[in-house]
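Student: I am new to this structure and would like a close look at one part of it. Could you take me through the largest pocket, and then show me a few other places to visit?

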Amino acid sequence: MIPYRGLWHERRTAAMNGKRVGDDRSGRRRKRLLGAPLLVVLLSAFPVLGATTPSPPAAASPTLTEAEAGLRHRLETLELLERTIEEYERAVEELRSALERAESEAERQDLETRLREQEEKLFRYRKQFREAASGVSEEEIARATPPKPDWSAEINELLSPLLNEIKRLTSRPREMHRLARELEFLEEKLAEVEHGLEQARALAARAEGTLRAHLDALAESLAAEAERLRAERDLVRQRLERLRAEQASPYENVRNLVRIFFRSRGRNLLLAVLAFATFWFLSRWFYLRLQRWGPFARRDRTLAARLFELVYIVFAATGGIAAMLWVLYAVGDWVLLSLVVLFLAGLAWASKTALPRFWQQATILLNLGPVREGERLLFEGVPYLVEKLGWQTYVVNPELKGGRLRLPLAHLADLRSRPFDETEIWFPTREGDWVLLDQERLGQVVEQTPERVTVVLLGGAVRSYPTSAFVAESPTVLSRGFRIRVLFGIDYQHQKSSTEEIPRTLREHLTIGLAAHPAGPHLRRLAVEFAQAGASSLDLAVLADFGGEAARYYDELERRIQKLCVDACNENGWVIPFTQVTMHMATPVEVEGLVPAGR
């Protein structure tokens with residue numbers, strides 16, 4: 001085989017002499033063009049750009065117009081393409097001549113492969129020359145039907161920058177993982193080969209003749225394989241240890257990642273966010289200035305003004321997103337652009353189920369929904385006035401400290417408002433009011449906010465209620481005035497004077513007694529009336545109406561009236577009865593059949 005290969009090499013060398021001569025003739029010009037193909041491809045692939053981009057100052061006169069400079073630059077590109085095409089044409093002719101003189105089949109196949117490559121390049125450069133000269137793509141001219149969108153290719157093209165970036169960032173960990181798995185595999189395989197080597201040597205030590213020779217040969221091959229596996233294992237281990245040694249700490253990795261990100265991606269992201277914020281705030285500034293004019297400045301805004309606000313919000317959001325995408329496109333950051341597009345696509349896909357809610361919120365913004373501006377609604381059990389509808393809706397309760405709330409538009413979807421009368425109250429109490437809680441605990445309201453109502457009870461104890469629970473408890477407010485009703489009974493022996501004389505006398509006594517009390521000046525009305533004929537007494541009702549200033553004495557006044565009634569009975573000799581209970585004992589005859597005889 002060796003002499004044959006040498007002979008074939010000599011023949012191939014002799015056959016290629018003609019080609020080498022041709023190569024020597026064009027060698028210098030080929031060397032000049034070795035660095036040109038990339039520039040030619042870039043310039044010829046974008047003929048419009050080549051036609052409109054001004055040439056460098058060294059190639060164009062300062063007096064040339066932009067169109068003339070672009071034309072000259074385009075002609076230079078075409079001349080460069082023409083020289084390249086001529087070089088490839090000569091190379092193709094030389095390869096064809098060498099192919100005709102080829103003697104062996106191997107040499108012919110090699111020449112055919114090289115000729116095919118050169119012809120493909122020649123065809124490509126001719127096509128680029130035609131497109132650069134005409135400015136029209138041949139594919140667009142030859143296409144008979146409109147192109148069909150290939151969604152899989154579009155998605156792959158969109159995701160490829162992102163996937164490449166992820167692949168680049170995870171290259172080292174993936175390589176370490178691959179080497180670790182390969183090292184584990186080699187160690188397992190080496191252990192199997194060493195085990196087989198031990199078995200072969202053990203059998204060869206006991207065998208004789210040709211069997212021993214075969215076993216020795218097998219042991220030698222297994223030993224060589226084990227040595228090869230050890231060398232390969234050591235090489236993989238060294239590479240893995242080198243990668244582990246080069247691997248930085250997690251803190252260093254994070255710091256480097258952050259530094260790299262803010263050097264390129266972070267800068268682009270910052271520019272995109274600034275573009276979005278600039279567009280948003282400029283449109284917001286324009287809208288706020290517009291609100292000071294005409295129908296936009298009215299308190300009761302018209303439907304047209306509300307519709308304009310909705311259109312403004314949509315325009316500001318879409319315009320800001322478009323500005324952000326344009327910045328990412330302009331800087332060529334396809335990774336961030338892909339991420340933003342994917343995020344927007346996911347957001348659009350997720351929002352399709354929320355379209356009914358968006359429509360409902362749009363009707364609220366237009367003041368056509370269940371909650372309307374200038375009406376009254378209940379929020380967490382507390383009434384509020386809808387002061388202004390918008391993406392941030394303001395509701396007000398004038399009776400609460402800090403009673404102006406800002407509600408997101410989504411919170412209004414489940415609420416209902418209604419027109420109201422000017423005389424309606426907005427909260428059952430005011431700060432400083434005395435209230436009766438659970439009909440027995442007396443206290444004064446010291447603070448009421450949208451979250452809590454604080455009440456100081458008699459004796460100084462402080463109790464706080466959630467505002468909604470305080471309203472639901474329906475406290476009795478005493479600060480607007482209150483009535484104390486005391487039921488007092490006298491004996492039946494005073495029946496003749498119980499309807500006229502005794503009530504009149506008792507009222508006079510109570511008037512004198514209450515006048516001496518600090519709450520006396522606030523007594524509005526006092527009445528003593530016959531209430532009812534009870535089972536063991538004739539009941540009189542004492543009705544005392546006081547102003548709100550006497551609310552703090554509510555518990556004390558009830559006891560005071562009871563005391564004055566007893567004093568009046570003592571002075572006038574009126575008997576106060578007590579409840580009489582008559583017990584009737586049944587005889588055995590009445591319970592015959594239930595109680596045994598003799599018991």
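Tutor: Here is a walk through the pocket, followed by a sheet, a pair of cysteines and one lysine. Please keep in mind that this is a predicted model.

Let's begin with the pocket. The space inside the largest pocket comes to about 470 Å³. Its lining is made up of 15 residues, and those nearest the centre are Val314, Ala317, Leu347, Phe358 and Trp391. Three elements each give two or more residues to this lining: helix H12 (303–331), helix H13 (334–351) and helix H14 (355–365). Of the elements, H12 gives the most, with 6 residues. What is the chemical character of the lining: how many residues are nonpolar, polar or charged? The lining has 12 nonpolar residues and 3 polar ones, while no charged residue takes part.

From the pocket, move along to the sheet. Here 5 strands form an open sheet, with antiparallel pairing, and their order is S9-S8-S7-S6-S10. Strand S9 (462–466) and strand S10 (476–477) are at the edges; each has a single partner strand, so one side of each has no neighbour in the sheet. Further in, you can follow one pairing in detail. Strand S7 (residues 441–448) and strand S8 (residues 452–457) run antiparallel and are joined by 5 bridges. To find one such contact on your screen, look for Val445, whose bridge partner in S8 is Val455.

Next come the cysteines. A disulfide is a covalent bond between the sulfur atoms of two cysteines. Searching the whole structure turns up 0 disulfides. Why is Cys565 not bonded to another cysteine? The closest cysteine sulfur to that of Cys565 belongs to Cys569 and is 7.0 Å away, which is too far for a bond, because a disulfide needs the two sulfur atoms within 2.5 Å. Seen from the other end, the sulfur of Cys569 has Cys565 as its closest cysteine, again at 7.0 Å and too far for a bond. Both residues are also shut away from the surface by the accessibility count: Cys565 is buried at 0% relative accessibility, and Cys569 is buried at 2%.

Last, take a look at Lys121, which sits in helix H6 (residues 105–134). With a relative accessibility of 31%, Lys121 counts as partly exposed, because that value falls between the 20% and 50% cut-offs. Lys121 and Ile85 are separated by 36 residues in sequence, yet their C-alpha atoms are 9.0 Å apart in space.

Technical notes:
Residues are numbered from 1 along each chain as its sequence is written. This is a predicted model: local features need pLDDT of at least 70, side-chain atom pairs count only at pLDDT 80 or more; totals for chains, interfaces and linings use all residues. Side-chain values use heavy atoms; hydrogens and water are left out. Two strands pair if DSSP finds at least two bridges between them. Helices (H or I, at least four residues) and strands (E, at least two) are DSSP runs, numbered from the N terminus. Buried means under 20% relative accessible area, exposed over 50%, partly exposed in between (1.4 Å probe, protein chains only). On a 1 Å grid over the protein atoms alone, a cavity is a set of points where a 1.4 Å probe fits but cannot get out, and a pocket is an open set with protein on both sides within 12 Å along at least five of seven lines; lining residues have an atom within 4 Å of a point. Grid points are joined across faces, edges and corners, and a volume is the space filled by probe spheres set on the points. Ala, Val, Leu, Ile, Met, Phe, Trp, Tyr, Cys and Pro count as nonpolar, Asp, Glu, Lys and Arg as charged, and the others, Gly among them, as polar.
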